[in-house]
Amino acid sequence: MRSSRIPFVLLLGLGLVGLSSFLVSQTQEAGDLLDQNQAGVVAIVIYGADKQEIAKGTGFAVAEDVIATAYHVIGRAVEAEALTFKGKKMKVEGFLAVNKPLDIALIKIKGKVQPLSLGNSDELAAGGRVFAIGSNETGAIGISEGTIR
C-alpha cells in the first residue's frame, strides 16, 4: 500500500510544478499586455440627478478624446467622469454616437487618452487565448484571460 502512494505523490508534485510554471508564463504575458495597453482603458463613473454615483463601467479609447463603452453603463448619466489607470479624472462632455440594440456608445472626454489598436475578430478561433482589460468595482484597471470556445 505504501509503495503505491509514492508514485501518486510524485505525479501530483510534478503536476503542480508543471501547472505553476504554466500559470507563471500566463501571468507574465497578461502583465505585459496590461502594461502595454492600460493607458488606453478608463474606468467610467456615472452620476444621477442628485450627484450620487449610480453606475460604474469601463471604456477604451478609439481616439485621443473618444471612448467606446457599453450604452447600458452610460445611458442614464446626468454626469460622468473617466478615470485613467493613474487616477487622472476627466469629465465626459457628451455622447458622440449611440447604438442601443448593440449596447455601444461613443463618448467625448475632456482630456487625452492613448487610443488602443483594434484587432480583427475574423482571426479568432476556438481554443485561442483572449485577454480582457477593464476596471473592477474599485475602479482599478486589471486584466483577465480566457480561451475561446
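A salt bridge is counted here where a side-chain nitrogen of Lys or Arg lies within 4 Å of a carboxyl oxygen of Asp or Glu. Glu145 and Arg129 form such a salt bridge, with their closest N and O atoms 3.1 Å apart. The structure is a predicted model, in which local features need pLDDT of at least 70 and side-chain atom pairs count only at pLDDT 80 or more, while totals for chains, interfaces and linings use all residues. Residues are numbered from 1 along each chain as its sequence is written, and side-chain values use heavy atoms, with hydrogens and water left out.

## Overall architecture

The protein chain contains 2 helices and 8 strands. Helices (H or I, at least four residues) and strands (E, at least two) are DSSP runs, numbered from the N terminus. Read from the N terminus on, the order of elements is α-β-β-β-α-β-β-β-β-β. Of the 149 residues in the protein chain, 26% are buried. The accessibility classes are buried (under 20% relative accessible area), exposed (over 50%) and partly exposed (in between), with a 1.4 Å probe and protein chains only.

## The barrel and strand S6

A closed barrel of 6 strands follows the order S1-S2-S3-S6-S5-S4, with antiparallel pairing. From one strand to the next, the twist averages 40°; axes are lines fitted to C-alpha atoms, for helices over the stretch in contact, and angles run from 0 to 180 degrees between N-to-C directions. Two strands are taken to pair if DSSP finds at least two bridges between them.

Strand S6 pairs with S3 in the antiparallel sense over 5 bridges, and Ala70 stands opposite Ile104 of S6. Strand S5 (residues 89–99) pairs with S6, also in the antiparallel sense, over 6 bridges. Across from S6, Val98 is the bridge partner of Ala105, and Ala97 stands opposite Leu106.

In a regular strand the side chains alternate between the two faces of the sheet. Along S6, Ala105, Ile107 and Ile109 point to one face and are buried, whereas Ile104, Leu106 and Lys108 point to the other and are not.

The hairpin of S5 and S6 has 4 residues between the strands. Asp103, in the loop between S5 and S6, has a positive phi of about 60° although it is not a glycine. Asp103 is partly exposed at a relative accessible area of 28%. Lys51 likewise is not a glycine and has a positive phi, of about 70°. Lys51 lies in the loop between strand S1 (41–47) and S2 and is exposed, with a relative accessible area of 52%.

## Salt bridges

The structure holds 6 salt bridges, among them the three listed below.

| Pair | N to O distance |
|---|---|
| Arg129 and Glu29 | 2.8 Å |
| Asp65 and Lys108 | 2.3 Å |
| Glu145 and Arg129 | 3.1 Å |

Arg129 lies in strand S7 and Glu29 in helix H1, so their salt bridge ties together parts that are 100 residues apart in sequence. Arg129 is partly exposed at 38% relative accessible area, and Glu29 is partly exposed at 34%.

The pair of Glu145, in strand S8 (residues 141–147), and Arg129, in strand S7, ties together parts that are 16 residues apart in sequence. Glu145 is partly exposed, with a relative accessible area of 32%. Through salt bridges that share partners, Glu29, Arg129 and Glu145 are joined into one network.

Asp65 lies in the loop between S2 and strand S3 (66–70) and Lys108 in strand S6 (residues 104–109), so this pair ties together parts that are 43 residues apart in sequence. Asp65 is partly exposed at 25% relative accessibility, as is Lys108 at 27%.

## The largest pocket

A pocket is defined on a 1 Å grid over the protein atoms alone as an open set of points where a 1.4 Å probe fits, with protein on both sides within 12 Å along at least five of seven lines; lining residues have an atom within 4 Å of a point. Grid points are joined across faces, edges and corners, and a volume is the space filled by probe spheres set on the points.

The largest pocket has a volume of about 610 Å³. Its lining comprises 16 residues, of which Leu116, Ser117, Leu118, Gly119 and Phe131 are the closest to the centre. Helix H1 (2–37), strand S2 (53–63) and strand S7 (129–135) are the elements that give two or more residues to this lining. By class, the lining has 9 nonpolar, 7 polar and no charged residues. In this classification Ala, Val, Leu, Ile, Met, Phe, Trp, Tyr, Cys and Pro are nonpolar, Asp, Glu, Lys and Arg are charged, and the others, Gly among them, are polar.
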